[in-house]
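Here are my notes for your first look through this one. Have the chain open beside you as you read.

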Amino acid sequence: MKLDLNQLRDILIAASNELVPDEYGFVSPVSPKELVKSSLSQYPENETLYWIRKLMDEQILIKGKKYVDEGIPQIKDISMSGYQFIDSFKEPSLWEKVKPKLSEMTFSSLSSIITAALSSAAHL
């Protein structure tokens with residue numbers, strides 16, 4: 001498996017599209033398995049769930065409850081840096097300019113990818 005920057009971007013955008021507050025501001029958690037099947041079916045399920053776990057480990061995706069019959073916690077929310085990334089790169093045009101720069105860099109974490117992407121976008 002290799003790092004697919006488009007897949008990470010698509011995971012964050014898909015999660016943000018599902019995390020919609022109700023009239024009281026409450027957001028219902030999202031099942032990663034359902035998210036993968038409904039919005040991310042273009043990617044292999046096992047790899048997408050792996051990257052969702054990694055995004056949770058780095059607190060970019062905020063973990064919700066984990067039920068006994070589910071292998072992965074629900075997605076409760078997205079971090080502020082995650083929302084900044086989504087706002088900056090929801091439209092493909094800027095993402096297509098920044099992505100090649102990111103592909104040339106070496107990263108130690110997913111958080112550093114988000115930071116570098118936001119920094120690169122600010123310099124365009």
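1. Is Ser79 buried or exposed? Ser79 is buried, at a relative accessible area of 14%, because buried means under 20% relative accessible area, exposed over 50%, and partly exposed in between (1.4 Å probe, protein chains only). Look for Ser79 in the loop between β2 (75-78) and α4; helices (H or I, at least four residues) and strands (E, at least two) are DSSP runs, numbered from the N terminus. Setting aside neighbours within four places in sequence, Ser79 touches Gln59, Ile60 and Ile62, where contact means heavy atoms within 4.5 Å.

2. Some ground rules. This is a predicted model, in which local features need pLDDT of at least 70 and side-chain atom pairs count only at pLDDT 80 or more, while totals for chains, interfaces and linings use all residues. Residues are numbered from 1 along each chain as its sequence is written, and side-chain values use heavy atoms, with hydrogens and water left out.

3. Gln59, one of the contacts of Ser79, deserves its own visit. Gln59 sits in the loop between α3 and β1 (61-63). Gln59 is not a glycine, yet has a positive phi of about 60°. With 58% relative accessibility, Gln59 counts as exposed.

4. Ile60, also in contact with Ser79, leads us to Leu12. That residue, Leu12, belongs to helix α1 (residues 5-18) and is buried, with a relative accessible area of 1%. Leu12 and Ile60 are 48 residues apart along the chain, and their C-alpha atoms are separated by 8.8 Å. Beyond neighbours within four places in sequence, Leu12 has contacts that include Leu55, Ile60, Leu61 and Phe85.

5. Now the helix packing. Two packed helices are described by the angle between their axes and the distance between the axes. The axes are lines fitted to C-alpha atoms, for helices over the stretch in contact, and angles run from 0 to 180 degrees between N-to-C directions. Helix α4 (residues 80-89) packs on helix α5 (residues 92-103) at an angle of about 110°, with the axes 7 Å apart. That makes α4 roughly perpendicular to α5; the classes are roughly parallel under 35 degrees, roughly antiparallel over 145, roughly perpendicular from 65 to 115, and oblique for the rest. Here Phe85, Ser88 and Phe89 in α4 meet Leu94, Trp95 and Val98 in α5.

6. The other pair to check is helix α2 (residues 32-39) with helix α3 (residues 45-57), at about 130° and with axes 10 Å apart. That makes α2 oblique to α3. On the α2 side, Pro32, Lys33, Val36 and Lys37 meet Glu45, Thr48, Leu49, Ile52 and Met56 in α3.

7. Finally, the rings. There are four aromatic pairs in the structure; rings of Phe, Tyr and Trp (its six-membered ring) pair if their centres lie within 6.5 Å, and planes under 30 degrees apart count as stacked, over 60 as edge-to-face and the rest as tilted. Tyr50 and Trp51 are edge-to-face, 5.0 Å centre to centre with 80° between the planes. Of these two, Tyr50 is partly exposed at 33% relative accessibility, whereas Trp51 is buried at 11%. Phe89 and Trp95 are edge-to-face too, at 5.3 Å centre to centre and 70° between the planes, and both are buried. Phe85 joins Phe89 and Trp95 in one aromatic cluster.
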